[in-house]
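Please open the model in your viewer and keep the selection tool at hand. The stops below go from one selection to the next.

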Amino acid sequence: MKVAVLSGGVGGARFVRGLVELLPPADVTVIGNVGDDVEVLGVHVSPDLDSILYALAGLNDEERGWGRADETWNALDTVSGLGGESWFRLGDRDLGLHLVRTQALQAGVPLSAVTRRLAQSLGLETTLVPATDDTLRTWLDTPAGTFPFQEWFVARGHRDEVDRLRFEGAEDATAAPGVLDALAVADVILIAPSNPYVSVWPILAVAAIRGALAQRAVPCVAVSPLIGGRAVKGPADRMLARMAGGTSPAHVTDCYKGLIDAIVVDEADGDELDGLGDVRPIVTRTLMSDEDARRRLVEAALAVPA
Ligand code: FO1
């Protein structure tokens, strides 16, 4: 069974790991968000692609949720001691990857090709492809002003309520090589339990990707990132409450209007299944606390008949 999965960072990376624990890794293509990419200290960071790379390679820091395990911070301490920019924490091991990526990008290698090389070097069989090779950046309108994603998320600790999002560059962005092919050959398309607004919408902002989902010939199944109407981590619940008017499965489903056939929701939300229209609910335990839990969730998402 060939699977294409749209994924953001932390929750998405855990889900993708569950997928490749269940299926042959080479049968899975991950289409990753680049809306929160950032240039910092002269290096290009692709946090969501890296969360997936590290999770699949078993190098990720489980507790922190981003970056590498066994990390040290000597370079950043030096930067900070010299009065440099240290709000976005780049660990020593992580930095090595950013250096390699940045050099390749500066030499004109597209992000998708760099990502393929990185994945191969880390021994991955799964295909990881950015949604686009073009520059696409998420901006958020808040009562305190308009911010680029990482300034809002990291520097301001996502404390500002969000009224609107804008995906700069999306209008002209084309899908990266491999994205549309993966969607065309997939037996099922999945949307990982990532924040719909900041992780999945930037992927769907690429018209060709949204179009491919809208015209899909196979089931598309989203996994809700909420449990009991609350985000496991991050601001998804606050964003849904403010922009969609609530945090029920129907509010999550509405983020993917016309694009999904089923939604996997947690047992804690199983009593709130009104308003889903023709989107089929799949109720299970969705917290990915360990390998067994990840497997159960992936099995539930894949159990949708064509
Ligand atoms: N998140 C933070 O909250 N603080 C950081 O300093 C930070 C640094 C960082 C460096 C590399 C990387 O790949 C991710 C990093 N993240 C950090 C996580 C990242 O900002 C978000 O988790 C994603 O962009 C949201 O999906």
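How many salt bridges does the count come to? The count comes to 15 salt bridges, a salt bridge being a side-chain nitrogen of Lys or Arg within 4 Å of a carboxyl oxygen of Asp or Glu. This is a predicted model, in which local features need pLDDT of at least 70 and side-chain atom pairs count only at pLDDT 80 or more, while totals for chains, interfaces and linings use all residues. Residues are numbered from 1 along each chain as its sequence is written, and side-chain values use heavy atoms, with hydrogens and water left out.

Select first helix α1 (residues 10-22) together with helix α2 (residues 47-56), which pack at an angle of about 40 degrees with their axes 9 Å apart. The axes are lines fitted to C-alpha atoms over the stretch in contact, with angles running from 0 to 180 degrees between N-to-C directions, and the helices are DSSP runs of H or I with at least four residues. The two helices are therefore oblique to each other, a word for angles that are not under 35 degrees (roughly parallel), over 145 (roughly antiparallel) or 65 to 115 (roughly perpendicular).

Now show the side chains at this packing, where Ala13, Val16, Arg17 and Val20 of α1 meet Ser51, Ile52, Ala55 and Leu56 of α2, contact meaning heavy atoms within 4.5 Å.

Stay with α1 and select arginine 14, whose side chain meets that of glutamate 62 in a salt bridge (3.8 Å, N to O). Glutamate 62 lies in the loop between α2 and α3 (74-81) and arginine 14 in helix α1, so the pair ties together parts that are 48 residues apart in sequence. Glutamate 62 is partly exposed, with a relative accessible area of 39%, and arginine 14 is partly exposed at 26%; here buried means under 20%, exposed over 50% and partly exposed in between, with a 1.4 Å probe and protein chains only. Add Arg17, Glu21 and Arg294 to the selection, and you have a network of salt bridges that links them with Arg14 and Glu62.

Move next to arginine 238, which forms a salt bridge with glutamate 161, the closest N and O atoms being 3.5 Å apart. Arginine 238 belongs to helix α10 (residues 236-243) and glutamate 161 to the loop between α6 (149-155) and β8 (164-168), so this pair ties together parts that are 77 residues apart in sequence.

Finish at helix α12 (residues 291-302), where glutamate 299 and arginine 295 lie four residues apart, about one turn of the helix. Their salt bridge has its closest N and O atoms 3.7 Å apart.
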